[in-house]
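Here is a short note for a colleague opening this model for the first time. Please read the points with the structure in view.

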Amino acid sequence: MNFANIYEKVNKCDKCKLCKNRIINCSFRGSTKAYIMFIGEAFGTTEQSEGRPFVGRSGKLLDGILQKVGLNPETDVYITNLVKDRPIDYVTGKDRKPFYDEIITCAPYLMEELEVLNPKIVVTLGKTSGDWFADYKEYKINQYYSERKWLPLYHPSYLFRNRKEISNFIEALKNTLEKINV
Ligand code: URA
């Protein structure tokens, strides 16, 4: 199994209705040699049209933060989503959170990515991927869980609304990188 196999399956997948929102084949962002995997929720509009995670407004903020802690978003990290297509609310036409059944249907692809990349640290971005990674048990944001090699952080879109949290996000990431010596 390799990343090309995984994304071939992702792009052919029709196991849930979200495949109807697919307008272009998708893939991950970053490097397949990375030590760190970032996991977001699902595509927004920009990602849906470019087929890559975090290339819109949230992605620009994320890239800026990664650069601040000395990580190149294209060469030092692997960025993906829990759900690979874009969940749309058909009443408003806006993005919505993925439903539990959509998460459970899509998660096996992420599990394959985790197995192939075998990262030193997993960073979940936001509640949707954090809750899934925690198996829907409680956890603290910005706290590194060494036994699971996992750092749960806020989603970049939350940081736009809560700018004060940006420094905590950066500090938690920096401290974790120092701990594992990357
Ligand atoms: N939000 C996410 O969680 N993932 C993306 O790819 C874009 C926005």
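1. Start with helix H4. This is a predicted model. The buried residues of H4 pack against four elements: helix H1 (3-12), S2, S3 and helix H5 (127-133). Those buried residues are Glu 102, Ile 103, Cys 106, Leu 110, Glu 113 and Leu 117. Note that Glu 102 and Glu 113 are on that buried list.

2. Next, the length of H4. The helix has 18 residues, and at 1.5 Å a residue these should span 26 Å. The end C-alpha atoms lie 25 Å apart, so the span agrees with what is expected.

3. H4 also has a kink. Where does it lie in H4? Look at Cys 106, where the kink is about 35 degrees. The proline Pro 108 follows shortly after. Cys 106 is also one of the buried residues of H4.

4. Now the end of H4. Just after the helix, Asn 118 has a positive phi of about 50 degrees. Asn 118 sits in the loop that links helix H4 (100-117) to strand S4 (121-125). Is Asn 118 buried or exposed? Asn 118 has 9 other C-beta atoms within 10 Å; a residue with 12 or fewer counts as exposed, so Asn 118 is exposed. From Asn 118 to Asn 162 the sequence separation is 44 residues, and the C-alpha to C-alpha distance is 32 Å.

5. Turn to strand S3, residues 77-81. Five of its five residues are buried, so S3 is largely enclosed by the rest of the structure. Val 77, Ile 79 and Asn 81 point one way from the strand. Tyr 78 and Thr 80 point the other way. Residues on both sides are buried.

6. Which way does S1 run relative to S3, parallel or antiparallel? Strand S1 (residues 29-30) and S3 run antiparallel, joined by two bridges. Gly 30 is opposite Tyr 78 of S3.

7. Strand S2 (residues 36-40) pairs with S3 in the parallel sense, over five bridges. Met 37 faces Tyr 78 in this pairing. Ile 39 has Thr 80 as its bridge partner in S3.

8. S2 pairs with S4 as well, again in the parallel sense. Four bridges join S2 and S4. Here Met 37 stands opposite Val 122. Met 37 thus has a residue opposite it in S3, Tyr 78, and one in S4, Val 122.

9. How many of the residues of S2 are buried? Five of its five are, and the strand is mostly covered. Ile 36, Phe 38 and Gly 40 point one way, while Met 37 and Ile 39 point the other way.

10. The ligand comes next. Its surrounding residues are Gly 40, Glu 41, Ala 42, Phe 43, Gly 44, Glu 47, Pro 53, Phe 54, Gly 56, Ser 58 and Asn 81. By type, the shell has four nonpolar, five polar and two charged residues. Two of its members link back to the strands: Gly 40 belongs to S2, and Asn 81 belongs to S3.

11. Last, Lys 60. This residue is placed in helix H3 (residues 57-68). Lys 60 has 14 C-beta neighbours inside 10 Å, so it counts as partly exposed. Lys 60 and Tyr 100 are separated by 40 residues in sequence and by 28 Å in space, C-alpha to C-alpha.

How values were computed:
Residues are numbered from 1 along each chain as its sequence is written. This is a predicted model: local features need pLDDT of at least 70, side-chain atom pairs count only at pLDDT 80 or more; totals for chains, interfaces and linings use all residues. A residue is near a molecule or strand if its C-beta atom, placed from the backbone, lies within 6 Å of it. Ala, Val, Leu, Ile, Met, Phe, Trp, Tyr, Cys and Pro count as nonpolar, Asp, Glu, Lys and Arg as charged, and the others, Gly among them, as polar. A residue is buried if 20 or more other C-beta atoms lie within 10 Å of its own, exposed if 12 or fewer, and partly exposed in between; C-beta atoms are placed from the backbone. Two strands pair if DSSP finds at least two bridges between them. The expected span of a helix is 1.5 Å times one less than its number of residues. The bend at a residue is the angle between axes fitted to the seven residues ending there and the seven starting there. Two residues are in contact if their C-beta atoms, placed from the backbone, lie within 7 Å.
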